[in-house]
Amino acid sequence: MTAEFEVQGIGITEIAERYGTPLYLYDGDELASRVDDLKALLHPRLEFFFSMKSNPNIGVLSVLHSRGARAEVSSMVELVTALRAGVEPADIIFLGPGKSEEELNACLDHGIYAIVCESLGELELIDRLAAERGVRASVALRVNPSFSVKGSGLTMGGKPRQFGMDEQQLFATEGLVARHPNVRFLGVQVYMGTRILSEEAVAENTERIFELADRLAAHLGIPLELVDIGGGLGVAYFDGERDLDLELLAARVNPILAEFADRHPGTRLVMELGRFLTATCGTYVVRVRYVKESMGERFAVADGGTNHHMAAVGIGSFVKRNFPMRVLNRLDEPASESWHVTGPLCTPNDTLGKKIQLPPVRPGDLVGVERSGAYGPTASPVLFLSHGYPAEVLVHGGRAHLVRSRDETEDLLRHQHLPELAATAATAITEGSAS
Ligand SMILES: *Cc1c(COP(=O)(O)O)cnc(C)c1O
C-alpha cells in the first residue's frame, strides 16, 4: 500500500476526486488547536483576534471562532463574513488605512467593539458620521511608533507609513479628545510587523507598546479600555527558519502581560493573529498534468500555480525559496530527484517549487504545498488567465466540507459585458457603401 496524505483519516486521493483540483485543504483540528494552544499558554487576559485578511473563508473563521477567537476585519465583506459566522459585534474590530464611509457607517450601525483609526482625517470623518447617527463611535488609535524592533519579516515602526498616526504627531497634538466629542477613545493599537519568529522580539514589542499606551493615554487624558499589541507571529516556511516556541514565548511575554494587566484591571488586551492561526492548517493541492525535461532539468506542470499561491513565488525576498512540498499520494517514496513544479500560467514566474527534491513525479500525481493556509488565494492573482478561485475544503469532525466552490466559467464571465459593437459596425458598413 502506498502511504498517502490524510486529514482526519480522509485520504487525499478521495478528496481530490470528490472536489477536483486545484484545491485548498484545511484541517479543522489543527485550526482549533492553534487557538487552544495560545489560550492554554499565554496570559488569560489576552484575547485573540483573527486577522481575516490572512484567510477570509467563513468556514475557517467559524472553526477559530468556535474555540474563542474574535475577528479583526478590514473590509465590508470581511465584516459581513464575521457577523454571519456568528462573531458578536462586541468581539469585532475594523482596521485599515482607507476605510470608506460605507464601511465606517456599517461599523457604527452594527456597534462593533472598535474602529481602529489610522489618520486624523479618518478621525474627523468618524466623529461626523457618529454625530449624524446620534451615537458615540468607539475608536482605538493606531500608532505608528517611533521605534522598531528587529526580528520580523516586515518591520512597521520607525518608518514613514500610510498606517496609523505617528507617535510624535499624536504627542504634539493637543485637545484631540475635546475636538471629537462623538468619539469614545478606547485606547491604542500598534502593529509592529509580520512573520515574527523571535520570542524575544514579541516580548520587546509588547513591553514598548504598553509603555507607549500608558504615555499616550496620559497625554490624551483617557482611561485605557483597550490595548491591542498587534501580533504578526510567524511560522517557519523555509530552510533555516524555526517555528516560534510557544512555551518560550509564554515565559518571556506572560510576566510583561501580567504586570500590565494587574495595573489595568479593566483593560482589554488584544493580540491580532492571521498567519499564526491558519498557515500550518492549510495545504494547496495541485494535480500534475505533464512531466517534461528542458535542458536537463525536470518540470512537473500542474493544474494550479501561483495564480492561487503567490506567496510560493517568494515572500519578501528576491531569491526564490521553496515552501515545504510533497507528492501527497506517495509519501513513502524517497525524495530522490530535483524538480521544478510549475502551474498553467504563461509566465516563467509561475513556479511553485524550484529545484525541489521530490520522488520521481508522474502525471496524475497530487503535489501539496504545505503550510499554505495563510495568504493563499486571497493574496494571489486568481483572475490571471481567468482560472478563478480554487475550491476550498475544510475537514472538521472527521468530515470533509466544501467551504468554497471553485469559480466556474460562467461565474467569471458574468462580470463581463459585451458591448453592442455589432450593430454599430453594421451601420458603419451600410453608411459607407451608401456614400
Ligand atoms: C496583516 C495584519 C495582521 C495579521 O498579520 P499576520 O502576520 O498574518 O499575523 C494583523 N494586524 C494588522 C494591522 C495587519 O495589517
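Helix H5 is followed by glycine 111, a residue whose phi is positive, near 65 degrees. This glycine offers a convenient entry into the structure, which is a predicted model. Helix H5 itself covers residues 101-110, and its buried residues are Glu103, Leu104, Asn105, Ala106, Cys107 and Leu108. These buried residues pack against two helices, H4 (76-84) and H6 (120-133), and against the strands E6, E7 and E8 (137-144).

Two of those strands are also partners of one another. Strand E6, residues 92-95, pairs with E7 in the parallel sense, over 3 bridges. Within this pairing, phenylalanine 94 has isoleucine 115 of E7 as its bridge partner. Strand E7, residues 114-117, is covered on both faces: Ala114 and Val116 are buried on one side, and Ile115 and Cys117 are buried on the other. Isoleucine 115 therefore counts as a residue with under 20% relative accessible area, and the same residue is the bridge partner of phenylalanine 94.

From this region the view may be widened to the whole protein. The protein has 13 helices and 22 strands. Its C-alpha trace spans about 75 × 65 × 40 Å along the principal axes. For 435 residues, a compact globule would have a radius of gyration near 22 Å; the protein has 25 Å, which agrees with that expectation. Of the 435 residues, 52% count as buried. Among contacts with a separation of 6 or more, 71% are made by residues 24 or more positions apart. The accessible surface comes to about 19,200 Å², and carbon and sulfur atoms account for 53% of it. As for charge, the protein has 42 positive and 58 negative charges, and the mean positions of the two sets are 2 Å apart.

Two residues in helices illustrate opposite surroundings. Phenylalanine 260 lies in helix H10, residues 246-263. Its relative accessibility is 0%, and because buried means under 20%, phenylalanine 260 counts as buried. Leaving aside neighbours within four places in sequence, phenylalanine 260 is in contact with Phe210, Asp214, Leu224, Val227, Thr267 and Leu269. Alanine 82, by contrast, is 178 residues from phenylalanine 260 in sequence and 30 Å from it in space, C-alpha to C-alpha. Glutamine 168 is found in helix H7, residues 167-172. With a relative accessibility of 60%, glutamine 168 counts as exposed, because the cut-off for that class is over 50%. The C-alpha atom of glutamine 168 is separated by 32 Å from that of glutamate 78, and the two residues are 90 apart along the chain.

A further set of strands is joined through E16. Strand E15 (residues 282-294) and strand E16 (residues 297-302) pair in the antiparallel sense over 6 bridges. In this pairing lysine 292 stands opposite phenylalanine 299 of E16. The hairpin of E15 and E16 has 2 residues between the strands, and methionine 295 takes a positive phi near 50 degrees there. Strand E16 also pairs with strand E18 (residues 337-342), in the parallel sense and over 4 bridges. Valine 301 has threonine 342 in E18 as its bridge partner. Strand E16 thus has an antiparallel pairing with E15 and a parallel pairing with E18.

The backbone geometry of several residues merits attention. Most residues other than glycine have a negative phi, and most peptide bonds are trans. Tyrosine 375 has a positive phi of about 55 degrees although it is not a glycine. This tyrosine is found in the loop between strand E20 (366-369) and strand E21 (391-396). Leucine 385 is placed in the loop between E20 and E21, and its phi is also positive, near 65 degrees. How far is each of these residues exposed, on the basis of its relative accessible area? Tyrosine 375 has a value of 17% and is buried, whereas leucine 385 has a value of 36% and is partly exposed.

The peptide bond between threonine 21 and proline 22 is cis, with an omega of about -5 degrees. Proline 22 is found in the loop between helix H1 (12-19) and strand E3 (23-27).

Technical notes:
Residues numbered from 1 in each chain as written. Predicted model: local features only at pLDDT ≥ 70, side-chain atom pairs only at ≥ 80, totals over all residues. Heavy atoms only, no water. Rg over C-alpha atoms; globule rule 2.2 N^0.38 Å. Buried < 20%, exposed > 50% of the residue type's maximum accessible area, 1.4 Å probe, protein only. Contact = heavy atoms within 4.5 Å. Areas by Shrake-Rupley, 256 points an atom, 1.4 Å probe, with all protein chains shown as cover. Lys, Arg positive; Asp, Glu negative; His and termini not counted. Charge placed at Lys NZ, Arg CZ, Asp CG, Glu CD. Pairing = 2+ DSSP bridges.
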